[in-house]
Amino acid sequence: MTIEAYIASLKTMQKDLPKKVDEIILKNKGLIVGMLKFRLYNKGTDGNGMLIGRYSKNTIPIKIANSQKTSFITLRDQGHFYAGMFLEARKNEYVIDSTDRKADLLVQIYGKSIMELTKEQQDNVVSNIIDPDIQKYLNGLSGSIEIDL
């Protein structure tokens, strides 16, 4: 491959990278949404790492009767909110939302950060999901540069 051809390949690759990142994220959307659900259920924290809240004294007996967690709010009562969660790409922004009819109300009450990944989770997505696939993509494009003397 000539230097000119290699440079042209790099320029094409540069234009294709945002689309490639979208593909990678959407290919792994179940895993990424699962990270958010796992954090909500196991830690009860929002995307800022803040505790969403604690159940009231009146709610705790109901949670116990239903064999549900009582130590912090998980936003998982019957499971519809979690089951309705999805991820989509919107102009270089990735949004997690839910089709559950209570989703807007939950966001209004607890803040939009309940639907966001933490900085640590975002770093995890970049280093463990996006970077390896981008590296495979780059390795597939690279070729040897032949210089004619």
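**Close-up 1. The largest nonpolar core of this predicted model and its best-connected members.** The largest nonpolar core brings together 25 residues. Among those residues, Ile-32, Leu-75, Phe-81, Met-85 and Ile-96 touch the most other members. Several elements each give two or more residues to this core: helix 1 (3-27), helix 2 (29-43), helix 4 (80-83), strand 1 (85-89), helix 5 (103-110) and helix 6. If you would like a place to start looking, try helix 2, which gives the most to this core with five residues.

**Close-up 2. The surroundings of Phe-81.** Here we stay with one of the core members that touch the most others, Phe-81. Which residues is Phe-81 in contact with, once its neighbours within four places in sequence are left aside? They are Leu-75, Ser-98, Asp-100, Ala-103, Leu-106, Ile-114 and Met-115. Leu-75 may look familiar, as it is named beside Phe-81 among the core members that touch the most others. Asp-100, another contact of Phe-81, takes us on to the next view.

**Close-up 3. The salt bridge between Asp-100 and Lys-102.** Side chains of opposite charge can pair when their charged atoms come close. The structure holds six salt bridges, and one of them links Asp-100 with Lys-102. The closest N and O atoms of this pair are 2.8 Å apart. Is Asp-100 buried or exposed? With a relative accessible area of 11%, Asp-100 is buried, while Lys-102 is partly exposed at 32%.

**Close-up 4. Lys-119 and Asp-123 in helix 6.** In this view a salt bridge joins the side chains of Lys-119 and Asp-123, with 2.8 Å from N to O. Both residues belong to helix 6 (residues 119-141), where they sit four residues apart, so about one helical turn separates them. Lys-119 is exposed, its relative accessible area being 58%. Asp-123 has a relative accessibility of 38% and counts as partly exposed.

**Close-up 5. Asp-133, Lys-136 and a shared network.** Further along helix 6, Asp-133 and Lys-136 are three residues apart, which means a separation of about one helical turn. Their side chains meet in a salt bridge of 4.0 Å, N to O. How accessible are the two partners? Asp-133 counts as buried at 16% relative accessibility, whereas Lys-136 counts as exposed at 59%. Lys-27 also enters the picture: salt bridges that share partners join Lys-27, Asp-133 and Lys-136 into one network.

Technical notes. Residues are numbered from 1 along each chain as its sequence is written. This is a predicted model: local features need pLDDT of at least 70, side-chain atom pairs count only at pLDDT 80 or more; totals for chains, interfaces and linings use all residues. Side-chain values use heavy atoms; hydrogens and water are left out. Buried means under 20% relative accessible area, exposed over 50%, partly exposed in between (1.4 Å probe, protein chains only). A nonpolar core is a set of buried Ala, Val, Leu, Ile, Met, Phe, Trp, Tyr and Cys residues joined through side-chain atoms within 4.5 Å. Contact means heavy atoms within 4.5 Å.
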